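Colleague: Please pick out one part of this model and take me through it closely. I would like a single connected account, covering contacts, burial and geometry.

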Amino acid sequence: MTTAEERYEETWNSYLELLDKDPKASLTSFTKSKSVYYRGMTKWMSRKGLSVFDAKAKIRDCHRKDLSVEPVSCDKGSMFLPVTADEKASGSLMAEPDVLSGVSLTFPDGTIVNIKRGSAKALVSFLSLYRKGGEPCLG
C-alpha cells in the first residue's frame, strides 16, 4: 500500500506529463480521475513549493525554447544513445566525403557529447533530436 505522500508525488509527476501534452489540463479534473483528494494534493504541493501556475509557465517556456535554434535539455540526467546515420536518407557512411572524427559538443546545460566518427548529416540529425528531446520538460 502506498502512502499519501507517494500518491501525491506520483499524481504530480503524471500531471506534469499531461501538461506537456495538454497545457490547459486542470489539476482538479486530473486528481478526480486519479481518485486523489484535490485538497490534500494542494496542501502537499504547498509544502513542496509547487504550483500549477509555475508548472504551466515552465512548460510554456520550454515549448518556446523548443522552437528556438539552440538545443534544449529537459533535465532528465545523462543519457547514452548510439547514433547511426540513416542509410536510406544519406547513402552509405563511407561513401560520404564529409566524415567527421573526434567531435566534442558542449551544450548550455553542461552536457558534453563526444562523437568518435560520423557524417555531417548524422551530426545535424543528432542535434535536431537533442533539440526536440521528445521528453516532457519538467521532471
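Modeller: One salt bridge is present in this predicted model. Its partners are lysine 48 and glutamate 5, and the closest N and O atoms are 3.2 Å apart. The pair links distant parts of the chain: lysine 48 sits in helix 3, glutamate 5 in helix 1, and 43 residues separate them. In general, side chains of opposite charge can pair when their charged atoms come close.

How accessible are the two partners? Lysine 48 has 47% relative accessibility, so it counts as partly exposed. Glutamate 5, with a relative accessible area of 33%, is partly exposed as well. The cut-offs explain the label, because buried means under 20% and exposed means over 50%.

Take helix 1 as the part to follow from here. It runs over residues 4-21, which makes 18 residues. From first C-alpha to last it reaches 26 Å, close to the 26 Å expected at 1.5 Å a residue. Its buried residues are Tyr8, Thr11, Trp12, Tyr15, Leu16, Leu19 and Asp20.

Begin with the rings. Three aromatic pairs occur in the structure. One of them joins tyrosine 8 and tryptophan 44 in a tilted arrangement, with 6.2 Å centre to centre and 40° between the planes. Tyrosine 8 belongs to helix 1 and tryptophan 44 to helix 3, so the pair ties together parts that are 36 residues apart in sequence. Both rings are covered. Tyrosine 8 is buried, at a relative accessible area of 12%. Tryptophan 44 also counts as buried, at 3% relative accessibility.

Another aromatic pair is made by tyrosine 15 and phenylalanine 30. This pair is tilted too, at 5.5 Å centre to centre and 45° between the planes. It links distant parts of the chain: tyrosine 15 in helix 1 and phenylalanine 30 in helix 2, 15 residues apart. Tyrosine 15 is buried, because its relative accessibility is 0% and the limit is under 20%. Phenylalanine 30 is buried at 10%. Ring pairs also bring in Trp12, which joins Tyr15 and Phe30 in a cluster.

Now threonine 11, which also lies in helix 1. It is buried, with a relative accessible area of 6%. Setting aside residues up to four places away in sequence, threonine 11 touches Phe30, Thr31, Lys34, Val36 and Met41. One of these, threonine 31, is found in helix 2. Threonine 31 is buried, with a relative accessible area of 1%. Leaving aside neighbours within four places, threonine 31 is in contact with Thr11, Val36, Tyr38 and Met41. Val36 and Met41 therefore appear on the contact list of threonine 11 and on that of threonine 31, where contact means heavy atoms within 4.5 Å.

Which residues of helix 3 are buried? Helix 3 covers residues 38-48, and Gly40, Met41, Trp44 and Met45 are its buried residues. They cover an arc of only 140° around the axis, which puts them on the same side of the helix. The face turned away from that buried side carries the exposed residues Arg39, Ser46 and Arg47. Just after helix 3, glycine 49 takes a positive phi of about 75°.

Next, the nonpolar core. In soluble globular proteins, nonpolar side chains tend to be buried together. Here the largest nonpolar core has 14 residues, and Trp12, Tyr15, Leu19, Met41, Trp44 and Met45 touch the most other members. Helix 1, helix 2 (27-33), helix 3 and helix 4 (52-67) each supply at least two residues of this core. Helix 1 gives the largest share, five residues. Elsewhere, apart from this core, lies another core of seven residues, among them Leu105, Phe107, Phe126 and Tyr130.

Back to helix 1 for one more contact list. Leucine 19 touches Ala25, Ala55, Lys56 and Ile59, again not counting residues up to four places away in sequence.

To sum up helix 1: glutamate 5 forms the salt bridge with lysine 48. Tyrosine 8 pairs with tryptophan 44, and tyrosine 15 pairs with phenylalanine 30. Threonine 11 has Met41 among its contacts. Five residues from the helix go into the largest nonpolar core.

Note on methods:
Residues are numbered from 1 along each chain as its sequence is written. This is a predicted model: local features need pLDDT of at least 70, side-chain atom pairs count only at pLDDT 80 or more; totals for chains, interfaces and linings use all residues. Side-chain values use heavy atoms; hydrogens and water are left out. Helices (H or I, at least four residues) and strands (E, at least two) are DSSP runs, numbered from the N terminus. The expected span of a helix is 1.5 Å times one less than its number of residues. Buried means under 20% relative accessible area, exposed over 50%, partly exposed in between (1.4 Å probe, protein chains only). The arc is that of the directions from the helix axis to the C-beta atoms. A salt bridge is a side-chain nitrogen of Lys or Arg within 4 Å of a carboxyl oxygen of Asp or Glu. A nonpolar core is a set of buried Ala, Val, Leu, Ile, Met, Phe, Trp, Tyr and Cys residues joined through side-chain atoms within 4.5 Å. Rings of Phe, Tyr and Trp (its six-membered ring) pair if their centres lie within 6.5 Å; planes under 30 degrees apart count as stacked, over 60 as edge-to-face and the rest as tilted.
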